[in-house]
Amino acid sequence: MDGVTQSALVKFLRALVLVPYFLLAAFPLLWLGLTSIKSYEDTISTTVKFLPSAEVAATSSVRFQPSLQAYRSLAQPVAGTPNNFYHYLSNSVIVGAVSTVLAVVLGTLCAYGFSRFRIPGARDWLFFILSTRFLPPLAVVVPVLMMYRSMRLENTHLGLVLLYTSFNLSLSVWLMKGFIDDIPRAFEEAAWVDGYSRFQTFWKVILPQAATGMAVTGVFCLIAAWNEFGFAMTLNNYEAKTVPVYFAGLQGNIKGVPWPQIGAGMMLFVAPIVLFTVLVRRHLLRGVTFGTIKQ
Amino acid sequence: MTLRGIFKFSGLALFAALGFSVLGCKSNSESPPAAGAAQPAVKAPPAKSTLTIWWAQWAPADGLQELAREFDPNVQVVVQQIPWPSFQDQVFQEFGKSKTAFDVVVGDSQWLGRGATRGLYVDLTSWLPTAVDLNTLHPLAKKYLSEYPTSSGKYFAAPCETDAMGFAYRKDWFADPKERAAFQAQYHTELAAPETWDDLRKIAEFFTRPADKRYGVALITGRGYDDIVMGFEQILYAFGGSWGDPQTRQVRGKLDSAEAVRGLDFMKELLKSSPPGGTKLGFGEAVEPFVNGSTAMLMNYFAFFPDLSNKMRAKVAFAVMPKQGERRFASLGGQGFSISTKTAPQQQELAKRFIAWFLKSDTQKKWVTKPGGFTANQEILKSAEFSQASPYNAAFAASMDHLQDFWNVPSYNELIATTVQKLGEAVDGKKSSKEALTTLALEHEKILLAK
Amino acid sequence: MQSGPDSSAYLKWGFVGPALALLVTLNLFPLFFNIYLSFTNSDLSGGVVEGVGVANYTTLFTESRYSDAITTTALFVVCSVSVELLLGFLLALALRDRMPGKPVVLTLLLIPMMLCPVVMSLFWNLILNGQYGALNQLLGSLGLAEPGWLTDDHLKLVSILMVDIWMWTPFMMLISLAGLNAIPKYIYEAAEIDRASRWRVFRTITLPMCTPLLGLAVLLRVTDALKQFDLVMAITGPNDMTTQTLSARVYQVVFRDYKVGLGAAYGVVILVAVIAVATLFVRYIERLQRQQGRA
């Protein structure tokens with residue numbers, strides 16, 4: 001503990017907790033990487049294959065010959081699927097990017113409104129916004145489906161974009177309100193003295209100050225949209241299918257689950273998220289607690 | 001606080017709700033003509049029209065897409081593939097619209113009752129016999145893949161993919177002299193493709209050597225959709241049980257009979273010779289322990305066998321479902337073409353023209369050359385040419401006289417879901433076969449006799 | 001606060017209006033529509049919709065699958081959240097002091113919670129497979145029993161829990177760490193002067209001072225765990241009795257049995273549970289904010 005000198009025992013105990021957990025937690029990701037460079041037969045071999053080696057190995061050996069074949073084959077549709085992986089990845093990118101931009105823009109406007117104006121029932125509105133986050137998709141998916149049906153929105157990118165924007169608004173409004181609350185009012189007041197209108201102040205003073213906050217918020221919104229499954233699966237059959245739905249659909253494939261392709265696809269799918277996690281690591285806490293904890 | 005907030009806005013939302021439901025009703029009652037914009041086909045330009053077919057995501061659908069290019073140069077046939085796990089919900093969800101995105105759905109045999117009674121499938125009763133020579137179709141395939149109610153002569157579909165369950169086995173292991181001698185010594189009979197379920201059990205036991213990571217048989221026991229139901233069905237019937245009386249819908253005394261219990265006990269016994277995880281293998285998963293060289297025999301649909309044959313070449317051979325006494329049954333697979341009622345009349349006509357073309361003997365001859373393309377055409381099934389065209393065709397043709405299917409009533413899915421759960425409990429050892437089947441029979445009667 | 005140019009009602013509602021409108025349409029409206037549907041015989045494939053009174057609710061409350069789903073969900077929530085809390089807190093204690101490479105280790109440990117649940121759990125199927133899975137092969141080579149993770153009746157839920165714990169322990173760790181870091185050093189120094197035992201320091205200082213944040217973390221996780229759907233879908237499917245959570249049950253009823261009315265009734269039941277927890281959560285946040293405001 002702090003202040004108390006660290007004895008060998010403490011160090012040992014610490015290692016006892018950290019090392020095994022770290023190994024266990026990292027293993028699935030390591031295995032994902034290994035799977036992506038194996039052949040199909042090696043992924044379902046009864047002898048577990050974990051040592052890449054240059055020469056061809058016997059079926060009963062733990063060695064396997066690595067190859068980038070799975071990555072190359074992502075460009076070809078898996079047996080029985082009409083499109084290749086990149087088609088679904090582009091759906092994910094479109095839906096994720098557009099909904100993120102919308103959520104951040106609407107969220108920033110809304111947060112500014114709540115931060116700087118006296119709005120009747122502001123607390124109630126804010127908590128209503130927060131409570132929408134708790135709604136289980138499966139409890140509202142049926143009415144959403146019926147609504148989308150009459151508006152011809154199901155099976156479209158726009159349908160998913162609107163839904164993802166709305167479920168990310170709670171996060172976006174709460175996070176952005178925290179960031180905007182932190183911007184000193186003196187900046188705005190100075191601008192007003194210079195004759196800026198309310199909107200000009202927002203555009204020229206607040207936005208530049210809130211840019212970091214918006215970027216962080218954007219990352220969290222993007223991740224949530226990127227990972228969503230419940231709505232994407234039930235509201236889509238083929239047009240706007242995102243990567244999670246595509247992968248889930250490969251279960252029960254007639255040629256067996258194509259594990260190497262799934263591994264390779266997942267690596268590409270997960271890589272941006274890992275990168276973003278590293279980028280926003282300082283703001284992670286704020287992000288996962290809706291801005292209620294500021295570090 | 002939230003609660004107060006929610007109540008506060010409830011008035012607003014209710015107002016919006018009213019507005020939406022009015023809008024919704026409106027668009028439902030008058031939309032078919034207005035919907036045309038979304039689908040170019042409805043405009044029916046003389047030059048090129050489009051026929052959209054929905055099927056599950058698998059190789060036969062690729063085959064159909066390929067074959068359909070030869071249909072009519074002026075018609076573009078699009079086969080849209082939906083992943084298996086969500087195939088049925090996507091289809092029936094689509095039927096909820098005033099206009100479906102597909103003109104034709106290649107649907108499971110069990111869906112017939114639902115499609116027919118809810119007015120989702122076009123009634124083909126008067127058209128089908130005039131456009132297709134029904135004598136070319138194998139009677140069992142015709143019965144299960146196109147009629148509702150079964151054997152009523154009323155048609156709501158026409159066979160597209162006709163499939164059955166069979167066995168794949170390791171030809172190289174069965175031919176190995178050492179194995180043959182050992183088997184002979186142990187069982188006093190020759191090691192060969194199993195003729196009866198008892199033979200199959202002996203062979204499965206014989207090859208089960210966990211120390212060498214070798215196992216006897218992989219059965220279909222998955223819980224995803226109807227996997228374990230189809231896997232058990234052929235054993236249930238071979239042992240003398242049945243799902244129930246199709247006419248009176250009486251289930252008790254059949255599904256929970258002593259014969260049925262013996263069948264389930266037999267399956268549980270057989271599963272002791274299956275690879276680890278063998279009590280929950282879906283259609284796709286079951287292939288894995290066979291392909292990785294640990295398992296001697298694999299139960300599965302013939303549609304899976306072309307790929308297996310490609311992967312394993314001379315190491316694999318195929319057989320028809322074994323019999324018990326004189327009773328031999330193979331669970332039906334495959335799907336039939338049904339035409340959506342929620343599509344324009346000229347699209348329905350186009351769909352009929354396509355189906356009639358597909359079922360012509362000439363087209364069927366091409367169909368069976370596509371990967372996973374299996375036919376109901378009797379003439380082709382009987383021909384030597386077909387039997388010799390692949391290592392699995394002969395076994396497939398021999399399976400056709402033994403087809404058996406599950407209920408195809410509108411509540412089929414509730415029946416499947418409880419069956420999966422109860423059989424699952426028995427197979428997992430949570431309940432005895434007798435207990436599981438007794439409760440299952442009760443639940444089935446309750447579902448079947450509900451209005 | 002309300003100073004500055006142009007604070008007209010139009011302008012302020014212009015800022016907050018769009019976000020609120022979207023939330024009301026896509027969150028609040030479906031909720032009420034869902035309540036309406038729960039009193040009808042609505043079918044997924046359309047057809048005439050008729051009111052059936054409380055018939056759906058009578059069916060629901062007499063179904064044994066309803067109580068099973070509630071038990072499974074409750075079991076899942078309690079087990080996952082408590083294990084994640086304990087493990088996360090333990091990790092936070094171990095990671096609290098300065099040590100070489102800490103930022104890297106911390107970031108790596110946080111990655112799993114940012115990844116796509118359905119995609120990762122699909123991949124866990126490969127690791128947990130009874131025959132060729134890496135886990136059982138490892139156990140086998142150590143001479144240990146090879147349990148049927150995905151097939152044994154008692155282990156299916158455990159497998160889902162394992163994946164959930166893998167994903168969400170970092171979340172608990174992150175918040176615990178924030179709680180620990182917020183404890184001022186001088187308090188420990190005072191305790192050291194008093195020669196208090198380690199255990200006493202932990203019990204009387206560390207734990208109580210972390211509790212508010214841990215409470216927040218638990219509430220956030222509980223609302224999330226109540227919705228559990230993705231992992232169940234990818235690991236055992238929606239129709240497995242031993243792992244059928246409420247959300248999975250809704251999926252089965254609506255999208256497999258086509259009974260939209262009954263599914264809506266299930267949705268209402270989930271909603272009541274979620275609103276209860278969400279209300280607790282909101283009260284909690286308000287209190288936290290008030291405390292922070294005072295500090």
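**Entry 1: Chain B as a whole**

Among contacts in chain B between residues at least 6 apart in sequence, what percentage join residues at least 24 apart? I looked this up first and found 74%. I note at the outset that I am working with a predicted model.

I then asked how many helices and strands chain B has. I recorded 20 helices and eleven strands for chain B. Of its 451 residues, 55% count as buried.

**Entry 2: Confidence**

I checked how confident the predictor is. Chain B has an average pLDDT of 88, and 89% of its residues score at least 70. Where in chain B does pLDDT stay under 50? I found this over residues 1-45 of chain B, for which the model has 58 contacts beyond four places in sequence. I shall read that stretch with caution.

For chain A, I noted an average pLDDT of 85, with 96% of the residues scoring at least 70. Within chain A, confidence is lowest in helix 13 (residues 284-288), where the mean is 82. Helix 4 (residues 85-116) of chain A has the highest confidence, at 92.

**Entry 3: Where chain C meets its partners**

I turned to the contact between chains A and C. To this contact, chain A gives 85 residues and chain C gives 85 residues. Helix 1 (residues 8-36) of chain A provides eleven residues, the largest share of the side of chain A that touches chain C. By class, I listed 57 nonpolar, 21 polar and seven charged residues on that side of chain A.

I next looked at chains B and C. Here 36 residues of chain B are in contact with 34 residues of chain C. On the side of chain B that touches chain C, at least two residues each come from helix 1 (2-30), helix 3 (87-94) and helix 19 (412-427) of chain B. Helix 1 of chain B supplies the largest share, ten residues. I sorted the residues on this side of chain B into 17 nonpolar, twelve polar and seven charged. I add that residues 1-45 of chain B stay under 50 in pLDDT.

**Entry 4: Helix 5 of chain C**

Is helix 5 of chain C largely enclosed or exposed? I found twelve of its twelve residues buried, so helix 5 of chain C is largely enclosed by the rest of the structure. Among the buried residues I noted Pro117(C), Phe123(C), Trp124(C) and Leu128(C). Helix 5 (residues 117-128) of chain C reaches 16 Å from its first C-alpha to its last, which is close to the 16 Å expected at 1.5 Å a residue.

**Entry 5: Strand 1 of chain B and its partners**

I followed strand 1 (residues 49-56) of chain B and found six of its eight residues buried. Strand 1 of chain B runs parallel to strand 2 (residues 75-82) of chain B, and eight bridges join them. As one pair, I recorded Thr50(B) with its bridge partner Gln76(B) in strand 2 of chain B. Together with helix 2 (residues 59-68) of chain B, strands 1 and 2 of chain B make a right-handed β-α-β unit.

Strand 1 of chain B also pairs with strand 3 (residues 104-108) of chain B, in the parallel sense and over two bridges. In that pairing, Val105(B) of strand 3 stands opposite Trp54(B).

**Entry 6: Strands 4 and 7 of chain B**

In which sense do strand 4 and strand 7 of chain B pair? Strand 4 (residues 158-170) and strand 7 of chain B pair in the antiparallel sense, over five bridges. Arg170(B) stands opposite Val316(B) in strand 7 of chain B. Four of the five residues of strand 7 of chain B are buried.

I examined Pro159(B), which lies in strand 4 of chain B. Pro159(B) has 27 other C-beta atoms within 10 Å; because the cut-off for buried is 20 or more, Pro159(B) counts as buried. Beyond four places in sequence, its contacts include Leu137(B), Ala141(B), Gly336(B) and Ala376(B). Its C-alpha atom is separated by 8.8 Å from that of Val106(B), 53 residues apart along the chain.

**Entry 7: Lys315(B)**

I ended with Lys315(B), which lies in the loop between helix 13 (305-312) and strand 7 (316-320) of chain B. Lys315(B) counts as partly exposed, with 15 C-beta neighbours inside 10 Å. Not counting residues up to four places away in sequence, Lys315(B) touches Arg170(B), Lys171(B) and Asp172(B). I also noted 8.4 Å between the C-alpha atoms of Lys315(B) and Tyr169(B), which are 146 residues apart along the chain.

Methods:
Residues numbered from 1 in each chain as written. Chains lettered and ligands numbered in written order. Predicted model: local features only at pLDDT ≥ 70, side-chain atom pairs only at ≥ 80, totals over all residues. Contact = placed C-beta atoms within 7 Å. Nonpolar A, V, L, I, M, F, W, Y, C, P; charged D, E, K, R; others polar. pLDDT = per-residue confidence, 0-100. Expected span 1.5 Å × (residues − 1). Pairing = 2+ DSSP bridges. Right-handed = clockwise from strand over helix to strand, strands pointing away.
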